[in-house]
Amino acid sequence: MNQPDISIGRSLRDWWKRERAAAGRWATARKLAHVGWEFLRDSLPERRRRRYGDVDYDWEFRVNTTSATVGWRTRLLGLLHSPYQPIEPELFRHIINSLGIDFSRFTFLDIGSGKGRALLLAAQYPFRRVMGIELLPELNSVAEENIRKFSSEKRACREIHAFCRDASEFSLKLVGNLEASLREIPRPAYLIYVNPVFEEILSSNSRFTKMSGTHQYSVFRNANAGSNGHAETPTGTRSLTWTDRRFKSSEGT
Ligand SMILES: C[S@@+](CC[C@H](N)C(=O)[O-])C[C@H]1O[C@@H](n2cnc3c(N)ncnc32)[C@H](O)[C@@H]1O
């Protein structure tokens with residue numbers, strides 16, 4: 001699979017088609033004006049200064065995961081796809097600790113992994129493997145650099161990879177693909193959905209049950225994931241963080 005071909009023109013065209021199909025021409029034109037306005041506001045020094053509010057993690061771990069240093073082109077692409085916003089470390093640890101699973105039997109997969117903060121946080125748990133998929137090359141190369149720099153003493157998981165790919169290419173029917181894979185090799189799976197604006201996609205799926213959540217996140221599991229969360233088979237499993245709005249529209253296709 002090749003790196004995605006991401007240009008502002010193409011992203012804009014795809015965005016326009018997608019939004020127009022969902023909301024009509026005038027609503028889309030208004031939304032586009034709003035996107036432009038947001039982009040300009042976001043470029044003001046005050047907004048930029050505020051984005052540095054997420055920099056504590058970087059200071060502590062000597063990495064670069066802040067949203068404050070993302071270039072204008074990637075920020076604009078972010079508005080047309082899904083803006084980069086790294087997860088709060090406390091929230092991440094709270095969710096992962098609440099699973100009560102044997103990490104060594106699970107693969108952690110972050111869909112929309114940005115500069116890799118969730119990957120680095122997950123690497124501090126003894127997952128079998130930690131993997132991320134990110135659409136935008138600028139963000140993914142920073143994630144790769146972060147993985148290289150991340151101190152080996154802090155890692156409980158040795159195998160960490162960040163791939164630059166369009167997740168919608170192979171996760172177009174993400175839940176469907178996951179279901180098929182779980183039917184083929186039955187094993188426990190947990191889905192973590194951060195900022196669960198389209199939670200109904202999972203709630204309406206009879207194979208996944210909501211296990212916990214707040215307004216900030218939802219955790220779903222399949223029937224093989226027992227109440228103590230221990231894997232019943234030794235096969236790898238996916239733990240997904242979904243932060244990308246496009247999965248909603250992809251899902252329906
Ligand atoms: C809210 S950020 C997630 C940050 C990351 N999970 C973390 O916590 O550090 C959402 C990310 O999804 C990426 N994204 C959007 N559409 C995507 C797609 N189709 N395939 C892969 N990544 C995508 C965006 O570029 C952005 O970096």
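Start by selecting Arg 62, which is exposed, with 10 other C-beta atoms within 10 Å. The model on screen is a predicted one. Arg 62 sits in the loop between α4 (56-61) and α5 (72-80). Look at its backbone: phi is near 55°, a positive value in a residue other than glycine.

Next, go to Asn 195, in the loop between β4 (190-194) and α11 (200-203). Its phi is likewise near 55°, again positive in a residue that is not glycine. How many other C-beta atoms lie within 10 Å of Asn 195? There are 18, and Asn 195 is therefore partly exposed, since that label covers counts between the limits of 12 or fewer for exposed and 20 or more for buried.

Now return to the loop that holds Arg 62 and step on to α5, the helix that follows this loop. Select Leu 76, Leu 77, Gly 78 and Leu 80: these residues of α5 are buried. Which helices do the buried residues of α5 pack against? They pack against α1 and α2.

Show those two helices together. Helix α1 covers residues 8-23 and helix α2 covers residues 25-42. Their axes come within 7 Å and cross at roughly 130°. The two helices are therefore oblique to each other, as 130° falls neither over the 145 degrees that counts as roughly antiparallel nor in the 65 to 115 range that counts as roughly perpendicular. The crossing of α1 and α2 is right-handed.

To see the contact itself, select Trp 16, Glu 19, Arg 20 and Ala 23 on α1. Then add the α2 side: Arg 25, Ala 27, Thr 28 and Lys 31. Colour this selection by class, and the contact of α1 with α2 divides into 3 nonpolar, 1 polar and 4 charged residues. When looking along the selected side chains, keep one rule in mind: an α-helix has 3.6 residues a turn, so residues three or four places apart point the same way.

The last stop is the ligand. Select the shell around the ligand, which has 25 residues. Which of them come nearest? They are Ile 87, Gly 112, Gly 114, Arg 117 and Ala 167. The elements that give two or more residues to this shell are α7 (117-122), β2 (129-134) and α9 (167-170). Colour the shell by class to finish: it has 9 nonpolar, 10 polar and 6 charged residues.

Conventions: Residues numbered from 1 in each chain as written. Predicted model: local features only at pLDDT ≥ 70, side-chain atom pairs only at ≥ 80, totals over all residues. Near = placed C-beta within 6 Å. Helix = DSSP H or I, 4+ residues; strand = E, 2+ residues; numbered from the N terminus. Nonpolar A, V, L, I, M, F, W, Y, C, P; charged D, E, K, R; others polar. Axes fitted to C-alpha atoms, helices over the stretch in contact; angles between N-to-C directions. Parallel < 35°, antiparallel > 145°, perpendicular 65-115°, else oblique. Left-handed = near helix turned anticlockwise from the far one by under 90°. Contact = placed C-beta atoms within 7 Å.
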